[in-house]
Amino acid sequence: MAVCLAPCYDAWLNAVVTAKPDAEHCTSCPTTANSLQQLLLQQQQLASQLLGLGGAVDVAELQRQKRDTEKQNGHLALQARIIKLEGQVRSLQQELDQNQMLLESVQQRHKQDTELMENTHRARVKLLDDSVAQRESRARQECEDLAEHLATVTHIAEQECMKLQAQHQRRLAQTQQDRDREVERLRDLQSLFEMKKDHEDQVQRLKRLKDEEIDAVTSATSQTRSLTVVIEQMEHAGGPFVSGGEHP
């Protein structure tokens, strides 16, 4: 019994899944998704009954059937999703048509606005060109006036510079003369200082010579006195001898 129920169940599932609904009927019927859900519930109930009858079916066969059922459920859900998306596509197509009409209207208005802006822009450009031409004329005249003023100021500055250079040269020559006189004065002072130093050296040498002469005279006087004393002592000591020799 279990062997017979499994092929029958598989055949029934394949028939349900492979049955394609009419496209026009599906798109026009708003309850197609509900019908698919009811069909799915009936399929699950039938599968439960078949499983109750086929208790002798092995576990591997049940697992395979479960996977097939899940796959078929996914296919059914996908078909429902496709139907829903087709409705959304039609809605979007209608919205696209409306947007296309709106775009054409906006483009027409944009074209009119563009033409108006171009005319306004051309008028404004012409006004700006006239204003720029006037400004250029004034700027050119001001530039010429400034050039003349610059030439006058430059000539005056050159004259002042020449005067300052001449004054600087005179001051430089005067400074050079003052420096030469100062150098000459310093040389004279140096010569006087050297002469003073030579004079002081000569004075010191003369003092030394005078001191030496004084020392020599003092020494000679002392020696003379010593000789005088010795002579007197000798005369006193040799007096009797001298008297007896003169009177025998």
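Asp-180 and Arg-179 join their side chains in a salt bridge, with 3.5 Å from N to O. A salt bridge here means a side-chain nitrogen of Lys or Arg within 4 Å of a carboxyl oxygen of Asp or Glu. The structure, a predicted model, holds four salt bridges, and three of them are introduced here, including this one.

**How the numbers are set up**
- In this predicted model, local features need pLDDT of at least 70, side-chain atom pairs count only at pLDDT 80 or more, and totals for chains, interfaces and linings use all residues.
- Residues are numbered from 1 along each chain as its sequence is written, and side-chain values use heavy atoms, leaving out hydrogens and water.

**The pair Asp-180 and Arg-179**
- Asp-180 is partly exposed at 39% relative accessibility (buried is under 20% relative accessible area, exposed is over 50%, and partly exposed lies in between, using a 1.4 Å probe and protein chains only).
- Arg-179 also counts as partly exposed, at 46%.

**Pairs about one helical turn apart**
- Asp-178 and Arg-181 form a salt bridge of 2.2 Å, N to O.
- These two residues sit three apart in helix α4 (residues 59-237), so about one helical turn separates them; helices (H or I, at least four residues) and strands (E, at least two) are DSSP runs numbered from the N terminus.
- Asp-178 is partly exposed at 36%, and Arg-181 is partly exposed at 47%.
- Arg-185 and Glu-182 meet in a salt bridge of 2.4 Å, N to O.
- Arg-185 and Glu-182 are likewise three residues apart in helix α4, so about one helical turn lies between them.
- Arg-185 is partly exposed at 42%, and Glu-182 is partly exposed at 34%.
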